[in-house]
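Here is a quick tour of one protein chain, starting from a single residue and working outwards. Have the structure open as you read.

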Amino acid sequence: MTNADDLSKVKNYFIEKLEAHGTTHRGVDYNSVESQEARFFQLTKVIDASRKYSVLDFGSGYGGMYDYLLRLGHQLHYVGYDIAEPMVVKGRETHPNNPDCWFTSEITEVPLVDYAVVSGTFNMKLDTDNEAWTKIVVDSLHKMDDHATQGMAFNMLTKYSDADRMRPDLYYGDPLFFFDYCKRNFAKNVALLHDYRLYDFTIIVRKD
């Protein structure tokens, strides 16, 4: 099975979630608004919001991250990238006529931005084996790095989750592996955040 096959299954999974729940936290498979925004908050730590900035939301869904950043008062140009075309369509429908917010399902259309972030996108692997999914995650991180000039941030479920609560369809990343990989491949300034009372971790990569 190829990476394309694995991603196609995941894409269809999220399309079904969107069809069932619409542009809500459940439409992108979060348990609650609170857990969704708690993760968003950790990702914002890579951003210098003292000036207008540009950001790529990798696996953007319908653009919930953009709405969150606006509520924080940020001035930004937002690019939402998602492999699921219905997510892109919903993003455009819910943010019409806004030159500072646009969506695409083609990574080749994404311009250089200041920051790249990803929230929750790496968690749902379905029946893909861990080794293959880790490769997909690493490939995605390189795409983010290629598009971000100042830094990037990402989160995923942690392998330190309680064993009796772990599910076979979810990916539990090794935070030490990803910290080391980012230090060796992307930047010297890397932070691992694993102290915010959720079963996941966030890694911040700063290029300055």
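## Ser 161 and its surroundings

Let's start with the company Ser 161 keeps: apart from neighbours within four places in sequence, Ser 161 is in contact with Met 166, Tyr 172 and Tyr 199. Keep in mind that this is a predicted model.

To find Ser 161, go to the loop that links strand S5 (148-157) to helix H6 (175-185). Is Ser 161 buried or exposed? The cut-off for buried is under 20% relative accessible area, and Ser 161 comes in at 9%, so it counts as buried.

## Another buried loop residue

Ile 47 is also a loop residue, sitting between helix H2 (33-43) and strand S1 (53-58). Its relative accessible area is 12%, so Ile 47 is buried.

Once neighbours within four places in sequence are set aside, Ile 47 is in contact with Tyr 53 and Tyr 115. There's a long-range pairing to look at here too: Gln 150 is 103 residues away from Ile 47 in sequence, yet their C-alpha atoms are 8.8 Å apart in space.

## The nonpolar core

The largest nonpolar core has 65 residues. Which of them touch the most other members? That would be Leu 141, Phe 154 and Phe 178.

Phe 178 is worth a click. Leaving out neighbours within four places in sequence, its contacts include the other two of that trio, Leu 141 and Phe 154. Phe 178 also contacts Thr 134, Val 137, Val 138, Met 156, Tyr 171, Gly 173, Phe 201 and Ile 203.

## Zooming out to the fold

The protein has six helices and seven strands. Read from the N terminus, the order is α-α-β-α-β-α-β-β-α-β-α-β-β. Among contacts with a separation of 6 or more, 64% are between residues 24 or more positions apart.

How does the overall size fit a compact globule? With 208 residues, such a globule would have a radius of gyration near 17 Å, and the protein's 16 Å agrees with that. Along the principal axes, the C-alpha atoms fill a box of roughly 45 × 40 × 30 Å.

## Surface and charge

Of the 208 residues, 50% count as buried. The exposed area of the protein is about 10,100 Å², with carbon and sulfur atoms supplying 50% of it.

On the charge side, there are 23 positive and 31 negative side chains. The centres of these two sets lie 4 Å apart.

Definitions and conventions. Residues numbered from 1 in each chain as written. Predicted model: local features only at pLDDT ≥ 70, side-chain atom pairs only at ≥ 80, totals over all residues. Heavy atoms only, no water. Helix = DSSP H or I, 4+ residues; strand = E, 2+ residues; numbered from the N terminus. Rg over C-alpha atoms; globule rule 2.2 N^0.38 Å. Buried < 20%, exposed > 50% of the residue type's maximum accessible area, 1.4 Å probe, protein only. Contact = heavy atoms within 4.5 Å. Areas by Shrake-Rupley, 256 points an atom, 1.4 Å probe, with all protein chains shown as cover. Lys, Arg positive; Asp, Glu negative; His and termini not counted. Charge placed at Lys NZ, Arg CZ, Asp CG, Glu CD. Core = buried A, V, L, I, M, F, W, Y, C linked by side-chain atoms within 4.5 Å.
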